[in-house]
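Student: I should like to learn how to read the features of a structural model one at a time. May we begin as soon as the model is on display?

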Amino acid sequence: MTQKRATLTGLLAIILWSTMVGLIRGVSEGLGPVGGAAMIYTLSGLLLLLTVGFPDIRRFPPRYLLVGSLLFVSYEMCLALSLGYAATRQQAIEVGMVNYLWPSLTILFAILFNGQKSSLWVIPGLLLSVLGVSWVLGGENGLNPQDIIRNVVSSPLSYILAFCGAIIWAAYCTVTSKYARGHNGITFFILLTAMSLWIKYALGEQPPMIFSWPVTLKLLLVACALGFGYAAWNTGILHGHVNVLAAASYFTPVLSSALAALLLSAPLSLSFWQGALMVCGGSLLCWYATRRR
């Protein structure tokens with residue numbers, strides 16, 4: 001595996017993950033928010049067993065195993081359910097944008113808890129990311145407080161889950177960096193997420209799962225995107241150009257929104273794209289702050 005090929009493999013992971021917002025929403029429309037998510041993570045876990053294998057969790061540092069499991073499962077459930085509970089397809093794409101606050105928050109947490117050195121550029125980066133998400137939530141009028149409140153109130157659980165997910169994933173990245181010591185528990189974590197979702201499915205009243213051909217196809221595609229995405233990213237991080245992958249990952253919000261709009265046939269306004277670019281710009285500024293100190 002050459003560095004160039006590994007880097008391209010890592011970039012493939014970014015493309016695969018960018019399809020997930022649209023595909024998860026499509027699956028949830030047929031199988032329900034909880035049932036659809038449970039099926040997605042079950043199939044993804046099986047794919048990871050074949051591609052990455054099951055780790056020897058007895059060798060994991062206890063703190064990484066305990067805290068990492070809790071944070072990872074919580075994040076994946078927040079992400080999948082926030083997209084499934086969104087009132088409309090367009091709102092699901094907006095919810096996905098809220099989730100992309102995590103790159104900026106990850107750098108903030110690294111500064112606060114891991115001693116990451118940075119310059120003051122991190123402050124405008126964080127503010128620009130938050131402004132971008134607010135711009136997206138304002139709809140066609142951009143930064144309009146009344147429209148933002150009206151939009152969030154129409155589906156509060158969805159937006160709250162997405163925002164909590166962004167914080168949780170930033171915390172997971174911080175914990176992994178500090179405690180993992182090179183161990184990769186992704187297969188175990190994905191299977192644990194699937195089990196947690198099936199428990200939630202069994203404990204509450206859920207809509208029936210209707211396996212139409214379009215829904216089944218989306219289910220298979222998103223399972224592959226999630227499973228193979230993690231496998232490809234792991235290859236890229238281990239053997240590829242990490243700085244290239246890090247910089248490219250910050251453009252995921254725009255690519256994800258474009259693919260979701262295409263998959264869900266949900267046209268997006270100019271103000272949405274303006275906000276998405278702000279989120280990307282804010283993430284890049286935060287990343288730049290850690291390089292200029």
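Student: How many residues does helix α10 have, and what distance should they span?

Tutor: This is a predicted model. Helix α10 covers residues 186-203, which is 18 residues, and at 1.5 Å a residue the expected span is 26 Å. The C-alpha atoms at the ends of α10 are 26 Å apart, so the model agrees with the expectation.

Student: Which residues of α10 are buried?

Tutor: The buried residues of α10 are Ile186, Thr187, Phe188, Phe189, Ile190, Leu192, Thr193, Ala194 and Leu197. Ile190 also appears among the residues with the most contacts inside the largest nonpolar core.

Student: How many residues does that largest nonpolar core have, and which element gives the most to it?

Tutor: The largest nonpolar core has 71 residues. Besides Ile190, those with the most contacts inside it are Ile40, Tyr41, Phe72, Ile93 and Tyr230. Helix α4, residues 62-85, gives the most to this core, with 11 residues. Apart from this core lies another, of nine residues, among them Leu126, Ala247, Tyr250 and Ala289.

Student: What does Ile40 touch, beyond its neighbours in sequence?

Tutor: Leaving out residues up to four places away in sequence, Ile40 touches Ile24, Val27, Leu219, Val222, Ala223 and Leu226.

Student: How does one describe two packed helices?

Tutor: Two values serve: the angle between the axes and the distance between them. In this model, helix α2 (residues 20-31) and helix α13 (residues 252-264) pack at an angle of about 35 degrees, and their axes are 7 Å apart. On the α2 side the contact is made by Val21, Gly22, Leu23, Arg25 and Gly26. On the α13 side it is made by Ser256, Ala260, Leu263 and Leu264. By character, the residues of this contact divide into five nonpolar, three polar and one charged.

Student: Is Ser18 buried or exposed, and what does it touch?

Tutor: Ser18 lies in helix α1, residues 3-18. Its relative accessible area is 0%, and therefore Ser18 counts as buried. Not counting residues up to four places away in sequence, Ser18 touches Thr252, Leu255, Ser256 and Leu259. Of these, Ser256 also takes part in the contact of α13 with α2.

Student: Why do some side chains pair as salt bridges?

Tutor: Side chains of opposite charge can pair when their charged atoms come close. A search of the whole structure finds five salt bridges. Asp56 meets Arg58 in one of them, at 3.0 Å from N to O. Asp56 also meets Arg59, at 3.4 Å from N to O.

Student: Are Asp56 and its two partners buried, partly exposed or exposed?

Tutor: Asp56 has a relative accessibility of 31%, so it counts as partly exposed. Arg58 is exposed, at 76%, and Arg59 is likewise exposed, at 64%.

Student: What does spacing along a helix tell us about which way residues point?

Tutor: An α-helix has 3.6 residues a turn, so residues three or four places apart point the same way. Here, Asp147 and Arg150 both lie in helix α8 (residues 145-154), three residues apart, or about one turn of the helix. These two residues form a salt bridge in which the closest N and O atoms are 2.5 Å apart. Asp147 is buried, with a relative accessible area of 17%, whereas Arg150 counts as exposed, at 53%.

Student: Which residues are linked in a network of salt bridges?

Tutor: Arg25, Glu29 and Arg89 are linked in such a network. Arg25 is also one of the α2 residues in the contact with α13.

Student: What should one note in the loop between α13 and α14?

Tutor: Ser265 lies in this loop and has a positive phi of about 50 degrees, although it is not a glycine. Ser265 is exposed, with a relative accessible area of 64%. Ser269 is found in the loop between α13 and α14 too, but at 18% relative accessibility Ser269 counts as buried, because the cut-off for that term is under 20%. Not counting residues up to four places away in sequence, Ser269 touches Gly139 and Glu140.

Student: How far apart are Leu108 and Thr174, in sequence and in space?

Tutor: They are 66 residues apart in sequence and 9.7 Å apart in space, C-alpha to C-alpha. Leu108 has its place in helix α6, residues 102-113, and is partly exposed, with a relative accessible area of 24%.

Terms used. Residues are numbered from 1 along each chain as its sequence is written. This is a predicted model: local features need pLDDT of at least 70, side-chain atom pairs count only at pLDDT 80 or more; totals for chains, interfaces and linings use all residues. Side-chain values use heavy atoms; hydrogens and water are left out. A nonpolar core is a set of buried Ala, Val, Leu, Ile, Met, Phe, Trp, Tyr and Cys residues joined through side-chain atoms within 4.5 Å. Buried means under 20% relative accessible area, exposed over 50%, partly exposed in between (1.4 Å probe, protein chains only). Helices (H or I, at least four residues) and strands (E, at least two) are DSSP runs, numbered from the N terminus. Contact means heavy atoms within 4.5 Å. Axes are lines fitted to C-alpha atoms, for helices over the stretch in contact, and angles run from 0 to 180 degrees between N-to-C directions. Ala, Val, Leu, Ile, Met, Phe, Trp, Tyr, Cys and Pro count as nonpolar, Asp, Glu, Lys and Arg as charged, and the others, Gly among them, as polar. A salt bridge is a side-chain nitrogen of Lys or Arg within 4 Å of a carboxyl oxygen of Asp or Glu. The expected span of a helix is 1.5 Å times one less than its number of residues.
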